[in-house]
Amino acid sequence: MKKNTFYFLVGCVALVLLLIFWYSIELHTSLFIELAFIIGVILIILARSKVTDRVDDERDIKITEQATIRTMQIFWIVFCLFSIGAVMELLHIPEFPRLSPSMHPPVILPPRLMGYIQLGLLSMMIFLYVGFRIYYAKKYGEFETDEE
Amino acid sequence: MKNKIKIFRAMHNLTQDHLAQAIGVNRQTILAIEKEKYVPSLDLAFKISRYFGVNIEEMFIFTEKTPTITET
């Protein structure tokens with residue numbers, strides 16, 4: 001399979017996933033999109049292994065590695081911040097009476113808000129990864145001009 | 001890490017693309033190594049040196065000053 005055919009296939013898979021996502025929203029069931037996402041990822045991995053005119057050398061691997069590590073480092077911090085707050089609300093540790101005499105009920109995050117937060121985290125992860133990938137690609141000479 | 005890939009390529013009349021295909025990397029990787037933007041792994045450094053039939057130290061020049069065993 002040629003590289004361009006693979007990119008075309010990835011585009012088609014993304015489009016189909018988007019349509020299934022829409023359909024899942026209409027039906028109010030997430031099972032379709034979850035299954036479709038797994039199938040889509042497997043399809044892309046299989047198609048990627050069939051690409052013949054693509055060489056993944058050590059520099060490409062290093063760029064991917066570095067971008068992934070940096071993304072995960074930042075993601076973990078943000079994710080832990082959110083999780084610590086959520087766990088605190090979940091456990092609802094009693095407050096010290098002297099410090100705060102009035103007990104207020106715990107704030108329960110609505111599922112819609114949780115969804116928005118997860119969407120934010122996911123978007124942040126994608127933007128961070130793309131950003132770091134561009135940064136490391138530039139650092140390791142991806143956009144160098146050739147005098148040949 | 002300095003290197004003489006460009007000189008050896010010129011001596012053998014090789015393009016970056018030819019060299020990249022011969023050792024199984026992308027042309028951009030050869031360009032990045034030549035421009036000292038990327039330091040190759042020991043494996044790749046040996047591959048490049050052996051392709052031109054020279055020792056690794058003839059192809060790559062380690063510039064950083066590190067203490068030797070006699071100095072310590």
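1. The nonpolar core. In this predicted model, the largest nonpolar core comprises 17 residues. Those with the most contacts inside the core are Tyr136(A), Tyr140(A), Ile5(B), Ile30(B), Ala32(B) and Ile33(B). At least two residues of this core come from each of helix 3 (58–91) and helix 4 of chain A, and from each of helix 3 (27–34) and helix 4 (42–51) of chain B. Helix 3 of chain B makes the largest contribution, with four residues. As a general point, nonpolar side chains in soluble globular proteins tend to be buried together.

2. Tyr140(A). This residue, listed among those with the most contacts inside the core, deserves separate mention. When its neighbours within four places in sequence are left aside, Tyr140(A) is in contact with Arg59(A), Lys62(A) and Ile63(A) in chain A, and with Ala32(B), Lys37(B) and Tyr38(B) in chain B. One of these partners, Ala32(B), is also named among the core residues with the most contacts.

3. The contact between the chains. Chain A brings 10 residues to the contact, and chain B brings 14 residues. On the side of chain A that touches chain B, seven residues are charged, two are nonpolar and one is polar.

4. Chain A overall. The secondary structure of chain A consists of four helices and zero strands, in the order α-α-α-α from the N terminus. Of its 148 residues, 6% count as buried. Where contacts in chain A join residues at least 6 apart in sequence, 68% of them link residues at least 24 apart.

5. Helix 1 of chain A. The end C-alpha atoms of this helix lie 36 Å apart, which agrees with the 36 Å that its 25 residues should span at 1.5 Å a residue. What number of the 25 residues of helix 1 of chain A is buried? The number is zero, so helix 1 of chain A lies largely in the open. A residue would need 20 or more other C-beta atoms within 10 Å of its own to count as buried.

6. The pairing of helices 1 and 2 in chain A. Two packed helices are described by the angle between their axes and the distance between the axes. Here the axes of helix 1 of chain A and helix 2 of chain A come within 9 Å and cross at roughly 175°. The two helices are therefore roughly antiparallel to each other, since angles over 145 degrees are classed in that way. From helix 1 of chain A, the residues that meet helix 2 of chain A include Phe6(A), Leu9(A), Val13(A), Leu17(A) and Phe21(A). From helix 2 of chain A, the participants include Phe32(A), Ile33(A), Phe37(A), Leu43(A) and Ile44(A). By class, this contact has 15 nonpolar, two polar and one charged residues.

7. The loop at His28(A). His28(A) lies in the loop between helix 1 (3–27) and helix 2 (31–49) of chain A, just after helix 1. Its phi is near 60°, a positive value in a residue other than glycine. Is His28(A) buried or exposed? His28(A) is exposed, because 6 other C-beta atoms lie within 10 Å, and the exposed class covers 12 or fewer.

8. Helix 4 of chain A. This helix, residues 111–139, has 29 residues and reaches 41 Å from its first C-alpha to its last, close to the 42 Å expected at 1.5 Å a residue. Just after helix 4 of chain A, Gly141(A) takes a positive phi of about 75°. Within the helix is Val130(A), which counts as exposed because it has 12 C-beta neighbours inside 10 Å. The C-alpha atom of Val130(A) is separated by 18 Å from that of Asp56(A), a residue 74 residues apart from Val130(A) along the chain.

9. Chain B overall. Five helices and two strands make up the secondary structure of chain B, in the order β-α-α-α-α-α-β from the N terminus. The C-alpha trace of chain B spans about 45 × 25 × 20 Å along its principal axes. Of the 72 residues in chain B, 26% are buried. Among contacts in chain B between residues at least 6 apart in sequence, 55% join residues at least 24 apart.

10. The loop at Asn13(B). Asn13(B) is placed in the loop between helix 1 (5–11) and helix 2 (16–23) of chain B. Although Asn13(B) is not a glycine, its phi is positive, at about 55°. Asn13(B) counts as exposed because it has 7 C-beta neighbours inside 10 Å.

Terms used: Residues numbered from 1 in each chain as written. Chains lettered and ligands numbered in written order. Predicted model: local features only at pLDDT ≥ 70, side-chain atom pairs only at ≥ 80, totals over all residues. Contact = placed C-beta atoms within 7 Å. Nonpolar A, V, L, I, M, F, W, Y, C, P; charged D, E, K, R; others polar. Expected span 1.5 Å × (residues − 1). Core = buried A, V, L, I, M, F, W, Y, C linked by C-beta atoms within 7 Å. Axes fitted to C-alpha atoms, helices over the stretch in contact; angles between N-to-C directions. Parallel < 35°, antiparallel > 145°, perpendicular 65-115°, else oblique.
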